[in-house]
Amino acid sequence: MTPAARPSDPTAVLAPGIADVLDAALDAVVAMDADGRVLHWNRAAQRTFGFAPEQAVGREMAELIVPPRHRDAHRRGLARLLSGAAPTLLDQRVETQAIGADGSERAVELTVTRLPQEGAPIFVGYVRDISDRLAAERELRASRHRLLEAAYETRRRFERDLHDGAQQRLIGTGIALQLLRARVDDGDELAALIDEARDELTAATAELRELARGLHPAVLTQGGLRPALRALTGRAPIPVAIDGVPAGRLPTAVETTAYFTLAEGLTNVARHSGASSATIAIEQDAELLRVTLTDDGRGGAVVGAGSGLAGLRDRAAALDGRLWVEPAAGGGTRLVLEVPCEPV
Amino acid sequence: MSPSDPDGAPAPAPLRVLVADDSAILREGAARLLADAGFDVVAQAADADELLRKVRAHKPDVAVTDIRMPPRGEDDGLRAAVRIRAELPHVGVLVLSQYVEEAYVEALLANGAAGVGYLLKDRVADVARFTDALHRVAEGGSVLDPEVVALMMGRRTAQDPLGALTPREREVLGLMAEGRTNRAIAGALHLSERAVERHVTAIFGKLDLETTGDDHRRVLAVLRYLEAVGE
């Protein structure tokens, strides 16, 4: 059986009935001989690449559907395979690019197998166009990122609105009460009522201040992670050392995620770990920001339901990053956040 | 700066004050409150640029300013305050802050603590505290909100260098950090000035700080110490 001798009779390489089976497949199935010429081309291959079987069979696969920049590699790979070298591509799914009859490129998932038979080798490729899937994945990632940004922006706006609106009005009310109080004698029963109202107002203002701060600390917007983390650790119930924070500014979503990861992480440490101290470290290399929170507590924390860490993991993922916990040396826990981020 | 007793006795002439805040409610309210309390409110400003312009024109004894103000809507008021201190040493600045932030205090005191104040904004409605702060700043003293001092002193640290202080010494340290004079500390704690002096000497000894005559230098020394503890 010499495959090169049968370009005009493509189905001859296949047992009777097999061509019908292949034509029923939704994925493109193409067969190629040892010279790299097309032996078989099913219907799905026609749909995917735009060549009819009679146009495809007998032509070199490389010229037909392999993008010009990959052709040499394709030919070298085939030659290497025929020389008896260990296969690098066979029997696994790989993602690559292919071109169609109209010259357009599309992303494909490809599996190449060698038919188990005597004589000259025949290779079969199973090709699935995954352009739509990849585009959908990209859009999903992008929309997840946008949702995170929108959530952060909403919190920033609430804080700003509270600052510019309710908080100013409450202080304005306090001033009005004070002006009123100055016009009432100390012994007057109104004086006690006004003082009571002022005390309530002071408490409300303080509560609102903490609420607004928790929504989004203004100092994070103004000064970045350094002053914001200093303020965060200053309010922590256990000593928290800061072991290096990049001085420069980072993209807003990255700064905000790093901040809230550490804020939530510190809350967890204080509540559950029994730790007596913790350390924050932020390192930045060429493409990755790595944030760690290490405590000396009893360990055993997991990213799961109720730990508050699951939400943090989702935020990390929305930035194409990762978040996990691991045992720290000495028995504590280390919370790690890694986010792709180039230095600004 | 009006000539007066450095320990806060009221100056004979009314203090000339400028009030800057982008909220009209607050600006007008504070101006009225100050006028009622006998201050001369020489001008108002609604943003940081107007603040700088009017301070240069009026040269008030004290400029009171919000931190977050136009044009950028970030810490523009704070930046203007730092500039005023550098440019016009005779104009004190009292910065009003919505939030207690050490970073604001550090920026404000970067070039010294004389004639500088930092108060939580709600304190405006506490006339006695507000007017006392204005007098102290006008006289070249320093004023720090008790909340920010409490935050700085409350920071948990591995070594706890303040652990060597007695509870009374911690109280005295806190009041020093707020910018109080020995006489004011004595009044607040019902002690004699001599007793306060002894506490101060003990505190500086325990914390290994150099004693200094000036109250605002003392504030700075104490704050630098507390900042370093938090590093």
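## The interface of chains A and B

About 3100 Å² is buried between chain B and chain A, and carbon and sulfur atoms give 52% of that area. On the chain B side, R68(B), Q98(B) and Y99(B) lose the most area to chain A. Together they make up 21% of what that side buries. The model is predicted. In contact terms, 37 residues of chain B meet 33 residues of chain A.

Charged and polar pairs cross the interface. The rule finds 7 salt bridges between chain B and chain A. One of them joins R213(A) to E101(B), with the closest N and O atoms 2.1 Å apart. There are also 13 residue pairs in polar contact across the interface, both residues at pLDDT 80 or more.

Several helices of chain B each supply at least two residues to the side that touches chain A: α1 (24-36), α4 (102-108), α6 (146-154) and α10 (215-230). The largest share, 7 residues, comes from α1(B).

By class, the side of chain B that touches chain A breaks down as follows.

| Class | Residues of chain B touching chain A |
|---|---|
| nonpolar | 14 residues |
| polar | 5 residues |
| charged | 18 residues |

Now a single site in chain A. T333(A) lies in strand β10 (residues 333-340) of chain A. Is T333(A) buried or exposed? T333(A) counts as buried because its relative accessibility is 9%, and the cut-off for buried is under 20%. Leaving aside neighbours within four places in sequence, the residues in contact with T333(A) include L293(A), T294(A), D295(A), G299(A), G300(A) and A301(A). V325(A), E326(A) and A328(A) are also among its contacts.

Notes. Residues are numbered from 1 along each chain as its sequence is written. Chains are lettered from A and ligands numbered from 1 in the order in which they are written. This is a predicted model: local features need pLDDT of at least 70, side-chain atom pairs count only at pLDDT 80 or more; totals for chains, interfaces and linings use all residues. Side-chain values use heavy atoms; hydrogens and water are left out. Contact means heavy atoms within 4.5 Å. Buried area is the accessible area (1.4 Å probe) that two parts lose on being put together, summed over both. A salt bridge is a side-chain nitrogen of Lys or Arg within 4 Å of a carboxyl oxygen of Asp or Glu. A polar contact is a pair of N or O atoms within 3.5 Å; within protein, one must be able to donate a hydrogen and the other to accept it, and residues adjacent in sequence count only if both atoms are side-chain atoms. Helices (H or I, at least four residues) and strands (E, at least two) are DSSP runs, numbered from the N terminus. Ala, Val, Leu, Ile, Met, Phe, Trp, Tyr, Cys and Pro count as nonpolar, Asp, Glu, Lys and Arg as charged, and the others, Gly among them, as polar. Buried means under 20% relative accessible area, exposed over 50%, partly exposed in between (1.4 Å probe, protein chains only).
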